[in-house]
Amino acid sequence: MFRRRRADSDRSGHQPDGTEASLGEPEPGAGETGPETAGVAGPWDAGEDVPSQERIDFGSLLVPSGEGLEVQVSVVENQPAWITVMHGKSGLQLQAFAATKSGGLWDEVRHEIAAEVARSGGQSTEADGPFGVELRARITPADPVQSGRRGGLEPVRFLGVDGPRWFLRGLISGPAATHENLAKPLERAFAAVVVVRGDHPVPPRELLEIRLPDEALQALGQEPPEPGEPGERRLPLGPFERGPEITETR
(Lines give C-alpha, C1' and ligand atoms only; values in the text may rest on other atoms or scores of the structure.)
Protein backbone atom coordinates (compact mmCIF):
# COMPACT_ATOMS: atom_id res chain seq x y z
CA MET A 1 0.00 0.00 0.00
CA PHE A 2 1.29 3.44 -0.93
CA ARG A 3 0.95 6.50 1.23
CA ARG A 4 2.39 10.01 1.29
CA ARG A 5 5.17 10.57 3.75
CA ARG A 6 7.41 13.51 4.54
CA ALA A 7 11.11 12.83 4.11
CA ASP A 8 11.93 14.43 7.44
CA SER A 9 9.75 11.86 9.20
CA ASP A 10 12.37 9.18 8.61
CA ARG A 11 15.94 10.30 8.89
CA SER A 12 17.33 7.22 7.16
CA GLY A 13 15.56 8.17 3.95
CA HIS A 14 16.85 11.70 3.39
CA GLN A 15 19.65 13.47 1.66
CA PRO A 16 20.69 16.32 3.95
CA ASP A 17 21.03 19.92 2.90
CA GLY A 18 23.87 22.15 4.07
CA THR A 19 25.89 19.11 5.05
CA GLU A 20 28.76 19.20 7.47
CA ALA A 21 30.86 16.11 7.92
CA SER A 22 33.69 14.81 10.01
CA LEU A 23 35.30 11.44 9.53
CA GLY A 24 36.49 9.74 12.66
CA GLU A 25 38.09 6.35 13.11
CA PRO A 26 36.39 3.62 11.04
CA GLU A 27 33.88 1.68 13.05
CA PRO A 28 33.99 -2.12 13.16
CA GLY A 29 32.58 -3.81 10.09
CA ALA A 30 32.25 -0.66 8.00
CA GLY A 31 32.27 -1.55 4.34
CA GLU A 32 33.84 -4.96 4.80
CA THR A 33 33.09 -7.48 2.10
CA GLY A 34 31.61 -10.79 3.19
CA PRO A 35 30.71 -13.94 1.30
CA GLU A 36 27.15 -12.77 0.65
CA THR A 37 28.27 -9.75 -1.39
CA ALA A 38 31.76 -10.70 -2.57
CA GLY A 39 31.89 -11.11 -6.33
CA VAL A 40 28.39 -9.71 -6.87
CA ALA A 41 27.28 -9.51 -10.51
CA GLY A 42 24.74 -6.66 -10.21
CA PRO A 43 23.42 -4.03 -10.50
CA TRP A 44 22.02 -5.07 -13.86
CA ASP A 45 21.23 -3.52 -17.21
CA ALA A 46 17.79 -4.31 -18.61
CA GLY A 47 19.43 -5.79 -21.69
CA GLU A 48 21.22 -8.46 -19.70
CA ASP A 49 20.00 -11.88 -18.61
CA VAL A 50 18.70 -10.62 -15.27
CA PRO A 51 18.07 -13.12 -12.46
CA SER A 52 14.39 -13.50 -11.64
CA GLN A 53 13.30 -11.64 -8.50
CA GLU A 54 10.31 -9.65 -7.27
CA ARG A 55 10.86 -6.03 -8.27
CA ILE A 56 8.79 -2.84 -8.39
CA ASP A 57 8.78 -1.08 -11.77
CA PHE A 58 9.69 2.60 -11.49
CA GLY A 59 10.42 3.12 -15.16
CA SER A 60 14.18 3.62 -15.25
CA LEU A 61 14.66 1.48 -12.14
CA LEU A 62 13.38 -1.96 -11.27
CA VAL A 63 13.80 -2.05 -7.50
CA PRO A 64 13.83 -5.30 -5.52
CA SER A 65 11.14 -5.80 -2.91
CA GLY A 66 10.46 -8.53 -0.43
CA GLU A 67 9.91 -9.36 3.20
CA GLY A 68 11.45 -6.82 5.54
CA LEU A 69 11.95 -4.17 2.84
CA GLU A 70 10.07 -0.87 2.61
CA VAL A 71 10.29 1.05 -0.65
CA GLN A 72 9.92 4.84 -0.58
CA VAL A 73 9.77 7.39 -3.40
CA SER A 74 10.93 10.93 -2.61
CA VAL A 75 9.35 13.76 -4.56
CA VAL A 76 10.92 17.11 -5.48
CA GLU A 77 8.75 19.73 -7.17
CA ASN A 78 6.00 17.15 -7.69
CA GLN A 79 8.38 14.83 -9.55
CA PRO A 80 9.81 11.54 -8.25
CA ALA A 81 13.49 12.24 -7.58
CA TRP A 82 14.94 9.16 -5.88
CA ILE A 83 13.96 5.85 -4.37
CA THR A 84 14.88 4.59 -0.91
CA VAL A 85 14.87 0.96 0.15
CA MET A 86 14.49 0.75 3.92
CA HIS A 87 15.49 -2.24 6.03
CA GLY A 88 14.90 -1.66 9.71
CA LYS A 89 16.38 1.71 10.65
CA SER A 90 18.76 1.77 7.69
CA GLY A 91 18.18 3.00 4.17
CA LEU A 92 19.58 2.72 0.66
CA GLN A 93 18.84 5.65 -1.64
CA LEU A 94 18.90 5.02 -5.39
CA GLN A 95 19.26 7.31 -8.40
CA ALA A 96 20.15 6.44 -11.99
CA PHE A 97 21.66 8.94 -14.41
CA ALA A 98 22.44 9.00 -18.10
CA ALA A 99 26.10 8.57 -18.98
CA THR A 100 28.35 8.40 -22.01
CA LYS A 101 29.31 5.12 -23.66
CA SER A 102 32.83 5.52 -22.32
CA GLY A 103 31.58 5.41 -18.71
CA GLY A 104 33.75 6.58 -15.83
CA LEU A 105 31.12 8.89 -14.34
CA TRP A 106 31.47 7.40 -10.84
CA ASP A 107 35.10 8.53 -10.66
CA GLU A 108 34.03 12.10 -11.42
CA VAL A 109 31.00 12.09 -9.15
CA ARG A 110 32.89 10.54 -6.24
CA HIS A 111 35.44 13.33 -6.29
CA GLU A 112 32.70 15.95 -6.58
CA ILE A 113 30.89 14.55 -3.55
CA ALA A 114 34.14 14.48 -1.56
CA ALA A 115 34.83 18.10 -2.53
CA GLU A 116 31.32 19.13 -1.51
CA VAL A 117 31.74 17.47 1.87
CA ALA A 118 35.11 19.19 2.32
CA ARG A 119 33.68 22.60 1.40
CA SER A 120 31.12 22.20 4.16
CA GLY A 121 33.90 21.59 6.68
CA GLY A 122 33.84 17.80 6.71
CA GLN A 123 35.98 14.90 5.60
CA SER A 124 35.51 11.75 3.60
CA THR A 125 37.63 8.81 2.55
CA GLU A 126 37.63 6.27 -0.25
CA ALA A 127 37.54 2.54 0.52
CA ASP A 128 37.11 -0.74 -1.30
CA GLY A 129 33.61 -2.21 -1.01
CA PRO A 130 31.62 -5.02 -2.62
CA PHE A 131 30.91 -2.83 -5.68
CA GLY A 132 34.39 -1.38 -6.05
CA VAL A 133 35.59 1.95 -4.72
CA GLU A 134 33.07 3.71 -2.48
CA LEU A 135 33.11 6.91 -0.45
CA ARG A 136 32.58 6.90 3.31
CA ALA A 137 31.78 10.03 5.28
CA ARG A 138 30.17 11.34 8.44
CA ILE A 139 27.62 14.05 7.89
CA THR A 140 25.32 16.23 9.95
CA PRO A 141 21.75 14.96 9.41
CA ALA A 142 19.11 17.22 7.92
CA ASP A 143 17.27 17.18 11.25
CA PRO A 144 20.03 18.10 13.74
CA VAL A 145 17.91 17.44 16.82
CA GLN A 146 18.09 13.83 17.90
CA SER A 147 16.63 12.39 21.09
CA GLY A 148 16.25 15.84 22.56
CA ARG A 149 19.81 16.87 21.84
CA ARG A 150 21.36 18.84 19.00
CA GLY A 151 24.21 17.62 16.88
CA GLY A 152 25.63 14.19 16.25
CA LEU A 153 27.30 13.05 13.06
CA GLU A 154 25.75 10.43 10.83
CA PRO A 155 27.92 7.90 8.94
CA VAL A 156 27.03 7.21 5.31
CA ARG A 157 28.40 5.16 2.42
CA PHE A 158 28.21 6.39 -1.17
CA LEU A 159 28.13 3.58 -3.74
CA GLY A 160 28.48 3.94 -7.50
CA VAL A 161 28.37 1.65 -10.52
CA ASP A 162 28.94 2.58 -14.18
CA GLY A 163 26.74 0.69 -16.64
CA PRO A 164 26.17 0.89 -20.40
CA ARG A 165 25.16 4.54 -20.90
CA TRP A 166 23.99 4.85 -17.29
CA PHE A 167 25.35 5.44 -13.82
CA LEU A 168 23.69 4.16 -10.62
CA ARG A 169 24.37 5.87 -7.32
CA GLY A 170 23.47 4.45 -3.92
CA LEU A 171 23.65 5.98 -0.46
CA ILE A 172 23.54 3.75 2.61
CA SER A 173 22.62 5.52 5.84
CA GLY A 174 21.64 4.51 9.35
CA PRO A 175 23.23 1.69 11.37
CA ALA A 176 24.01 -0.24 8.16
CA ALA A 177 26.59 2.39 7.24
CA THR A 178 28.92 1.04 9.93
CA HIS A 179 27.74 -2.49 10.68
CA GLU A 180 28.51 -5.19 8.14
CA ASN A 181 25.69 -7.55 9.10
CA LEU A 182 23.09 -4.78 8.84
CA ALA A 183 24.48 -3.66 5.49
CA LYS A 184 24.06 -7.05 3.80
CA PRO A 185 20.30 -6.75 2.99
CA LEU A 186 20.84 -3.31 1.47
CA GLU A 187 23.92 -4.42 -0.46
CA ARG A 188 21.90 -7.33 -1.85
CA ALA A 189 19.14 -4.90 -2.81
CA PHE A 190 21.65 -2.65 -4.61
CA ALA A 191 23.06 -5.66 -6.46
CA ALA A 192 19.55 -6.69 -7.56
CA VAL A 193 18.57 -3.31 -9.05
CA VAL A 194 17.91 -3.29 -12.80
CA VAL A 195 18.51 -0.05 -14.72
CA VAL A 196 16.31 0.56 -17.77
CA ARG A 197 18.22 3.13 -19.80
CA GLY A 198 16.06 3.07 -22.91
CA ASP A 199 17.09 4.21 -26.39
CA HIS A 200 15.86 7.81 -26.14
CA PRO A 201 18.53 10.54 -25.98
CA VAL A 202 19.29 11.93 -22.53
CA PRO A 203 22.24 14.25 -21.88
CA PRO A 204 24.94 12.77 -19.62
CA ARG A 205 24.45 13.40 -15.88
CA GLU A 206 20.70 13.91 -16.19
CA LEU A 207 18.46 11.85 -13.94
CA LEU A 208 16.71 9.01 -15.69
CA GLU A 209 12.97 9.42 -15.26
CA ILE A 210 11.37 7.71 -12.27
CA ARG A 211 7.73 6.81 -12.79
CA LEU A 212 5.33 5.81 -10.06
CA PRO A 213 3.60 2.46 -10.58
CA ASP A 214 -0.03 2.74 -11.69
CA GLU A 215 -1.27 1.42 -8.35
CA ALA A 216 0.59 4.20 -6.54
CA LEU A 217 -0.89 6.89 -8.78
CA GLN A 218 -4.37 5.48 -8.32
CA ALA A 219 -3.91 5.42 -4.54
CA LEU A 220 -3.03 9.11 -4.74
CA GLY A 221 -6.04 9.88 -6.91
CA GLN A 222 -4.00 10.47 -10.07
CA GLU A 223 -4.37 8.98 -13.52
CA PRO A 224 -1.49 6.97 -14.98
CA PRO A 225 0.29 8.92 -17.75
CA GLU A 226 -0.19 8.08 -21.40
CA PRO A 227 2.68 6.10 -22.92
CA GLY A 228 5.30 8.32 -24.52
CA GLU A 229 8.88 9.42 -24.51
CA PRO A 230 10.19 10.27 -21.03
CA GLY A 231 11.01 13.90 -20.48
CA GLU A 232 14.34 15.28 -19.39
CA ARG A 233 14.96 15.61 -15.67
CA ARG A 234 17.40 18.30 -14.62
CA LEU A 235 17.98 17.34 -11.00
CA PRO A 236 21.48 17.61 -9.51
CA LEU A 237 23.92 14.79 -8.92
CA GLY A 238 24.72 16.37 -5.56
CA PRO A 239 23.73 14.22 -2.56
CA PHE A 240 22.21 16.98 -0.45
CA GLU A 241 18.52 17.06 -1.31
CA ARG A 242 15.32 15.74 0.20
CA GLY A 243 11.58 15.83 -0.36
CA PRO A 244 8.24 14.23 0.53
CA GLU A 245 7.88 10.49 0.07
CA ILE A 246 5.44 7.85 -1.09
CA THR A 247 5.97 4.50 0.60
CA GLU A 248 5.16 0.88 -0.09
CA THR A 249 5.75 -1.75 2.60
CA ARG A 250 6.14 -5.36 1.55
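The exercises below concern backbone geometry, one sheet and two helices in a predicted model.

**Exercise 1.** Which two residues does a cis peptide bond join, and where does P43 lie?

Solution. Begin with omega: a value of about 0 degrees marks the bond between G42 and P43 as cis. Next, place the proline: P43 sits in the loop that runs between β1 (2–5) and β2 (44–45). For background, most peptide bonds are trans.

**Exercise 2.** Find the loops that hold E77 and R165, and decide for each residue whether it is buried, partly exposed or exposed.

Solution. As a reference, most residues other than glycine have a negative phi.
- Step 1: E77 is not a glycine, yet its phi is positive, near 50 degrees. The residue belongs to the loop between β5 (70–76) and β6 (79–87).
- Step 2: the relative accessibility of E77 is 73%, so E77 is classed as exposed, the cut-off being over 50%.
- Step 3: R165, also not a glycine, has a positive phi of about 65 degrees. Its loop connects β12 (154–163) and β13 (166–173).
- Step 4: R165 has a relative accessibility of 25% and therefore counts as partly exposed.

**Exercise 3.** Give the strand order of the open sheet of four strands, and state which strands are at its edges.

Solution.
- Step 1: the order is β2-β14-β4-β3, and the pairing is mixed.
- Step 2: β2 and β3 (55–57) each pair on one side only, which makes them the edge strands.
- Step 3: helix α2 (residues 180–192) packs on this sheet and touches β2, β3, β4 (61–64) and β14. The directions of α2 and β4 make an angle of about 150 degrees.
- Step 4: β2 and β14 (residues 194–195) run parallel and are joined by two bridges. Across this pair, D45 stands opposite V195 of β14.

**Exercise 4.** How does the reach of helix α1 (residues 105–119) relate to the expected value, and which of its residues are buried?

Solution.
- Step 1: α1 has 15 residues, and 21 Å separate its first C-alpha from its last. At 1.5 Å a residue, 21 Å is expected, so the reach is close to that value.
- Step 2: the buried residues of α1 are L105, W106, V109, R110, I113 and V117.
- Step 3: these residues lie on the same side of α1, because the arc they cover around the axis is only 125 degrees.
- Step 4: their cover includes β7 (90–98), β8 (124–129), β9 (132–139), β12 and β13.
- Step 5: just after α1 comes G121, with a positive phi of about 95 degrees.

Note on methods: Residues are numbered from 1 along each chain as its sequence is written. This is a predicted model: local features need pLDDT of at least 70, side-chain atom pairs count only at pLDDT 80 or more; totals for chains, interfaces and linings use all residues. Side-chain values use heavy atoms; hydrogens and water are left out. Buried means under 20% relative accessible area, exposed over 50%, partly exposed in between (1.4 Å probe, protein chains only). Two strands pair if DSSP finds at least two bridges between them. Contact means heavy atoms within 4.5 Å. Axes are lines fitted to C-alpha atoms, for helices over the stretch in contact, and angles run from 0 to 180 degrees between N-to-C directions. The arc is that of the directions from the helix axis to the C-beta atoms.
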